[in-house]
Amino acid sequence: MARALGSLPQLREALARGELSYSKVRALTRVATPETEERLLAVGRARTAEHVELIVRGWRRMDRKAEAQETTRRHRNRALHVYPDGDGMVVIRGRLEPEVGAVVMQALTAAREALSRRRRAEDVPAGTSVVDGSAEAPTMEQQQADALALVAEAALHRGMDPGAPGERYQVVVHVDAQMLADADAPGQSVLDGGARVPAGTSRRLACDASRVVMRHDADGRITEVGARTRTIPPALRRALQHRDKGCRFPGCGRLLGQGHHIRHWAHGGPTTLSNLTMLCRRHHRAVHEEGFQLERLADDELCFRGPDGRLLSDVPPPAAMPANPVDSLRAQNDAGGLHIDARTSTPGWHGERLDVGYAISVLHPLAVASR
Ligand SMILES: [Zn+2]
Ligand SMILES: [Zn+2]
């Protein structure tokens, strides 16, 4: 909520002045944007916390509906036109959904790379003169056209078999072994598409994943491929799930989690219950990429620390309380120029019935636009 309020000055000020309660502001920040802030602030002022909650829920339904419509529209608009043009060439034009487009682009890139490897292997030896212009490097557009032909041939050759679901779309990270163990070690950490990722990300992806070990010789050629193995075997994962019951990050407890090696296996950490803990996706990232630290103490308790080394406990210590909290709060408000009385946060509502459907139809920008 604090982050959302950073871009919502009107709601932030209304909260600071005591005009809107914390629960109203928290509800409104779930949907408010700088464009809709003003009208939602008016809702907060005019309505009770319960009404605000109902309107925000209706607003989110509208958002989801709009998103679903957008997805449906895209799905409906998928198309591929293939037709011969006047001079006997074939023209291809189409619109694909983003995830389908990603697969197509991945396939074209792979085919282009395979073709360029093939071309380099057949390269004319140095010293021979080339008279025929065909030895010129093809343009990107020409390469794409050749790649599409290779994709089609390969698809027909494989009998249109896309393979097992688990192997179809996977993120492949290439990372050198010494880099997994030490972020500062030289080496590469790249996604299959060539995008570089930070060492912390590849360590997280490798922490609880299927592992395929490939050995390369000095020239980078693959000499050996090991069997695909789960880093954490199923029986151990069940024991881990049974012991931890969910994310162990202080205050989290989310049920779905990933196995985290407290000492990474690339550092020689064993895959044993005592070296494993469950972390949800969010907190697995916190530990690998955001500088949070975690160790298991001698008494088997886990100890989490923030990036600044501060100890994180399950229940934070109570805030320091002045001897006379009411007087000191009044003094603080007076000093801040705040005048809070019994009616400051009273809504302008006069008791009329709330019609959520009508409220959304006049408030939500998408509903307003479609009226
Ligand atoms: Zn991990
Ligand atoms: Zn968590």
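**Exercise 1. Describe how strands β11 and β12 pair, and the hairpin they form.**

Solution. Strand β11 covers residues 293–296 and strand β12 covers residues 302–305; they run antiparallel and are joined by four bridges. Strands here are DSSP runs of E with at least two residues, and helices are runs of H or I with at least four, numbered from the N terminus. Two strands pair if DSSP finds at least two bridges between them. Next, look across the pair: E295 stands opposite C303 in β12. Then take the turn. Five residues lie between the strands, and D300 has a positive phi near 75°.

The model is predicted: local features need pLDDT of at least 70, side-chain atom pairs count only at pLDDT 80 or more, and totals for chains, interfaces and linings use all residues. Residues are numbered from 1 along each chain as its sequence is written, with chains lettered from A and ligands numbered from 1 in the order in which they are written.

**Exercise 2. Locate I232, decide whether it is buried or exposed, and list its contacts.**

Solution. Start with position: I232 sits in the loop between β8 (229–230) and α11 (234–244). Now count. I232 has 20 other C-beta atoms within 10 Å, so it is buried. The cut-offs are 20 or more for buried, 12 or fewer for exposed, and partly exposed in between, with C-beta atoms placed from the backbone. Contact requires C-beta atoms within 7 Å, again placed from the backbone. Leaving out neighbours within four places in sequence, I232 contacts D208, R237, G259, T271 and L276. Take L276: its C-alpha lies 9.3 Å from that of I232, across 44 residues of sequence.

**Exercise 3. Find the residues that touch the most other members of the largest nonpolar core, and the elements that supply it.**

Solution. A nonpolar core is a set of buried Ala, Val, Leu, Ile, Met, Phe, Trp, Tyr and Cys residues joined through C-beta atoms within 7 Å. The largest has 17 residues; L11, L28, V52 and V56 touch the most other members. Two or more residues come from each of α2 (9–16), α3 (22–29), α4 (37–46) and α5 (49–76). The largest share, four residues, is from α5. Another core, of ten residues, lies apart from it and includes I232, L240, F249 and M278.

**Exercise 4. Classify the packing of α5 and α14.**

Solution. The axes of α5 and α14 (residues 356–363) come within 9 Å and cross at roughly 60°. That angle makes α5 oblique to α14. The contact uses L54, I55, G58, W59 and M62 of α5, with V356, A359 and I360 of α14.

Methods: Contact = placed C-beta atoms within 7 Å. Axes fitted to C-alpha atoms, helices over the stretch in contact; angles between N-to-C directions. Parallel < 35°, antiparallel > 145°, perpendicular 65-115°, else oblique.
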